[in-house]
Amino acid sequence: MNVKGENLHTAERRRALLELLCLRRYDTCEHLADDLNVSYDTIQRDIAVLMCTYPIETMRGHGGGVRVADGFYLHRTFESLTTQQRDVLKKVSASLGDNDRAVLDSILAKFAP
């Protein structure tokens, strides 16, 4: 994944960084800075901010880098679905019985912001 970080606002860049970390589980600041096309210092600042909210840790020295805690993954939100995907889910929901519809609605509510 090669994302052009200089074209992203700070929040978007941090979200892209978090997504990269969750996908890779571990990486170096140098590699992340290169992928997002920003400076090493920018990546370090972004990681410091993300560490306040997400289970991210840094390691120093040989083999050091940034990693995401085992078991942590970002959940995709309902808004990240395509229009076609949302339409299909609405059609499926309409055809379900009350109990199944309630379960589907609870799943969607969990992943919707």
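Visitor: Which residue in E3 does tyrosine 26 stand opposite?

Guide: Tyrosine 26 stands opposite arginine 67 in E3. Keep in mind that this is a predicted model.

Visitor: How many bridges join E1 to E3?

Guide: Two bridges join them. E1 and E3 run antiparallel. Besides the tyrosine 26 position, aspartate 27 has valine 66 of E3 as its bridge partner.

Visitor: And which residue in E3 is the bridge partner of glutamate 57?

Guide: Arginine 67 is the bridge partner of glutamate 57. Arginine 67 also faces tyrosine 26. Valine 66 is shared too: threonine 58 has it as bridge partner, and so does aspartate 27.

Visitor: How many bridges join E2 to E3?

Guide: Four bridges join E2, residues 56-59, to E3, residues 65-68. Those two strands run antiparallel.

Visitor: What sits between E2 and E3?

Guide: Five residues lie between them, and the two strands form a hairpin. Glycine 61 is in the turn, with a positive phi of about 85°.

Visitor: In what order do the strands of the sheet come?

Guide: The order is E1-E3-E2. Three strands make an open sheet, with antiparallel pairing.

Visitor: Which are the edge strands?

Guide: E1 and E2 are the edge strands. Each of them pairs on one side only.

Visitor: What holds strands of a sheet together in general?

Guide: They pair through backbone hydrogen bonds, either parallel or antiparallel.

Visitor: New topic. How many aromatic pairs does the structure hold?

Guide: It holds one. The partners are tyrosine 54 and phenylalanine 72. Their ring centres are 5.8 Å apart, with 55° between the planes, and the pair counts as tilted.

Visitor: Why does that pair tie together parts that are apart in sequence?

Guide: Tyrosine 54 lies in the loop between helix H3 (40-51) and E2, while phenylalanine 72 lies in the loop between E3 and helix H4 (83-95). So the pair ties together parts 18 residues apart in sequence.

Visitor: How exposed is tyrosine 54?

Guide: Tyrosine 54 is partly exposed, because its relative accessibility is 25%.

Visitor: Let's switch to arginine 25. Where is its place?

Guide: Arginine 25 is in the loop between helix H1 (10-24) and strand E1 (26-27).

Visitor: Which ring does arginine 25 lie over?

Guide: Arginine 25 lies over the face of tyrosine 73, at 4.2 Å from the ring centre.

Visitor: Is arginine 25 buried or exposed?

Guide: Arginine 25 is buried, yet it has no salt bridge. The nearest side chain of opposite charge is aspartate 70, 5.2 Å away.

Visitor: Which backbone oxygens lie by the side chain of arginine 25?

Guide: One is from cysteine 22, at 3.1 Å from a polar atom of the arginine 25 side chain. Another is from phenylalanine 72, at 2.8 Å from a polar atom of that side chain. Phenylalanine 72 is also a member of the aromatic pair.

Visitor: What is phi of arginine 25?

Guide: Phi of arginine 25 is near 75°, a positive value in a residue other than glycine. Most residues other than glycine have a negative phi.

Visitor: And what about phi of asparagine 37?

Guide: Phi of asparagine 37 is near 55°, which is also positive. Asparagine 37 is in the loop between helix H2 (29-36) and H3. With a relative accessible area of 37%, asparagine 37 is partly exposed.

Visitor: Back to aspartate 70. Where is its place?

Guide: Aspartate 70 is in the loop between E3 and H4. Aspartate 70 is exposed, with a relative accessible area of 71%. Its C-alpha atom is separated by 9.8 Å from that of isoleucine 56, and the two residues are 14 apart along the chain.

Visitor: Last one. What joins the side chains of arginine 13 and aspartate 46?

Guide: A polar contact of 2.5 Å joins them. Arginine 13 is in helix H1. Arginine 13 is buried, with a relative accessible area of 10%.

Key:
Residues are numbered from 1 along each chain as its sequence is written. This is a predicted model: local features need pLDDT of at least 70, side-chain atom pairs count only at pLDDT 80 or more; totals for chains, interfaces and linings use all residues. Side-chain values use heavy atoms; hydrogens and water are left out. Two strands pair if DSSP finds at least two bridges between them. Rings of Phe, Tyr and Trp (its six-membered ring) pair if their centres lie within 6.5 Å; planes under 30 degrees apart count as stacked, over 60 as edge-to-face and the rest as tilted. Buried means under 20% relative accessible area, exposed over 50%, partly exposed in between (1.4 Å probe, protein chains only). A charge sits over a ring if NZ of Lys or CZ of Arg is within 6 Å of the ring centre and within 35 degrees of the ring normal. Lys and Arg count as positive and Asp and Glu as negative; His and the chain ends are not counted. A salt bridge is a side-chain nitrogen of Lys or Arg within 4 Å of a carboxyl oxygen of Asp or Glu. A polar contact is a pair of N or O atoms within 3.5 Å; within protein, one must be able to donate a hydrogen and the other to accept it, and residues adjacent in sequence count only if both atoms are side-chain atoms.
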